[in-house]
Amino acid sequence: MTGTKSPSNTVHVVGAGLAGSEAAWQLAEAGVDVVLHEMRPDRMTEAHRTATPAELVCSNSFRSDDAANNAVGLLHAEMRRLGSLIMRAADANQVPAGGALAVDRDGFSAAVAAALEGHPRIELSRGEISGLPPVDWSSVIVATGPLTAQPLAEAIRDLTDETALAFFDAIAPIVHKDTIDMSKAWFQSRYDKVGPGGTGADYINCPMTREQYDAFVAALLAGEKTDFKEWETNTPYFDGCLPIEVMAERGHETLRHGPMKPVGLTNPHDPTIKPYAIVQLRQDNKLGTLYNMVGFQTKLKYGPQQQIFRTIPGLENAEFARLGGLHRNTFLNSPKLLDQQLRLRVQPRLRFAGQMTGCEGYVESASIGLIAGLYAAAEVRGANLLPPPPTTALGALLGHITGGHIETVDGPTRSFQPMNINFGLFPPLATAPTRKPDGTRLKGNEKTIAKKQAMSARALADLDRWIAEHLRVAAAA
């Protein structure tokens, strides 16, 4: 929509990615007027292809949807409880992906855009915000993501007198399904696991012999890579999204213990022979016509990519809808620069959300957008919203970003690095479970599973209590 909003009670959200879109939605649903600023299509980035809000530029997977046993699945569940637009759009546009929640990327972004454009309290404004937002914007959420335009990034750096940290994030190739040789490949999820919208046979698997694997690794190491610019040469990678050739450089067998691990799968074309390594492809769109190469983010140049990836059995004649690429991500030293409500300490009218704060992953970014929106909405109403408990996934992630509850063992010099949500960020249980519901003693891996399930149950109970005691009170203020 378009229109003129009162500046005194309007929140400006800069950046219509996943975090910015979620922040705008939470504000609007709380009854606050929002102007959502997006520089695309006036100015594009190295990774985006469209001007649509919440475009997915890397994988189409939101990872595990298992709320009982997986921290990211738990974060999904918490966001659903909080009325997340991103989760609503993901659920409505899911595609089969074993135990993961993967989405049709175009359908997902279109659903987010339609909700934002149809909300009477949201105004979508196109155009770049160069430098710091105008001083008369009393409440701003900066959610410009890892590809923040240089003028704004430099303004933030100058304001904080802090050199921004940065890392590289790489994009995996996407293959046209009808060009995959299914006489060599087959459909199966690891251990036949059934996930949301899936059947237990949701991945295409391409097997490799030891000789094929050895030759593949050698080709990865020898392949011509993207050249770095001078200012990029000392930028570290984020370990959760390493280029495949960088993983190969860490050891010949690294890939077999990572994205190419040959476990939980049986080749129906030759069931008595165990593959030495397996390449998996995951459905990328609702039509099932596109599949992305799982874990195959790369900085190889386009020519070597096609040549090397076509040595994979089943992909000899593969046609690529998109080849892999590389882009630079930037994030803040958030524990030093931001307060517990994600406000910039030196200029509290500015909040930050999404990957800029030092979280990693679609869902994590959106969740920080969600809480930033709730904080800003409470502030506009004159209320003070307490943070969600650190025992919740949202609270644990927020604690990592703000340094709110994580003990430092290395003293004040400890460096801040991007992080996916994981159970290592949660406070330990007061008492670890030792017995099953039937009274028998837990053994081996059963203890780990029971511990995760207990932490998940605690998180959801604590979140429900926080919503009832704090969020609803703030909303009524």
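A polar contact is a pair of N or O atoms within 3.5 Å. In this predicted model, such a pair is found at the start of helix α3, where S84 caps the N-terminal end. A side-chain oxygen of S84 lies 3.2 Å from the backbone nitrogen of I86. The helix itself spans residues 85–92, and its buried residues are L85, I86, M87, A89 and A90.

I86 also leads to another part of the chain, since L18 of helix α1 touches I86. Leaving aside residues up to four places away in sequence, L18 is in contact with A54, E55, L56, F62, F108, Y362 and A366 as well. L18 has a relative accessible area of 9% and is therefore buried, the cut-off being under 20%.

UniProt, in an unreviewed entry, places a "binding site" feature at G15, A16, G17, L18, A19 and G20. One of these positions, A16, sits in the loop that runs between β1 (10–14) and α1 (18–29). A16 counts as buried because its relative accessibility is 0%. Its contacts, again without residues up to four places away in sequence, are S21, L36, H37, E38, R40, P53 and A54. A54 thus appears among the contacts of A16 and among those of L18.

A further buried residue is found in helix α12 (residues 445–476), which holds D462. With a relative accessibility of 14%, D462 counts as buried. The D462 side chain makes a polar contact of 2.4 Å with the side chain of R465. Beyond residues up to four places away in sequence, D462 touches P389, T391 and T392.

Technical notes: Residues are numbered from 1 along each chain as its sequence is written. This is a predicted model: local features need pLDDT of at least 70, side-chain atom pairs count only at pLDDT 80 or more; totals for chains, interfaces and linings use all residues. Side-chain values use heavy atoms; hydrogens and water are left out. Buried means under 20% relative accessible area, exposed over 50%, partly exposed in between (1.4 Å probe, protein chains only). Helices (H or I, at least four residues) and strands (E, at least two) are DSSP runs, numbered from the N terminus. A polar contact is a pair of N or O atoms within 3.5 Å; within protein, one must be able to donate a hydrogen and the other to accept it, and residues adjacent in sequence count only if both atoms are side-chain atoms. Contact means heavy atoms within 4.5 Å. UniProt positions are given in the numbering used here, feature names are shortened, and annotations may be inferred rather than shown by experiment.
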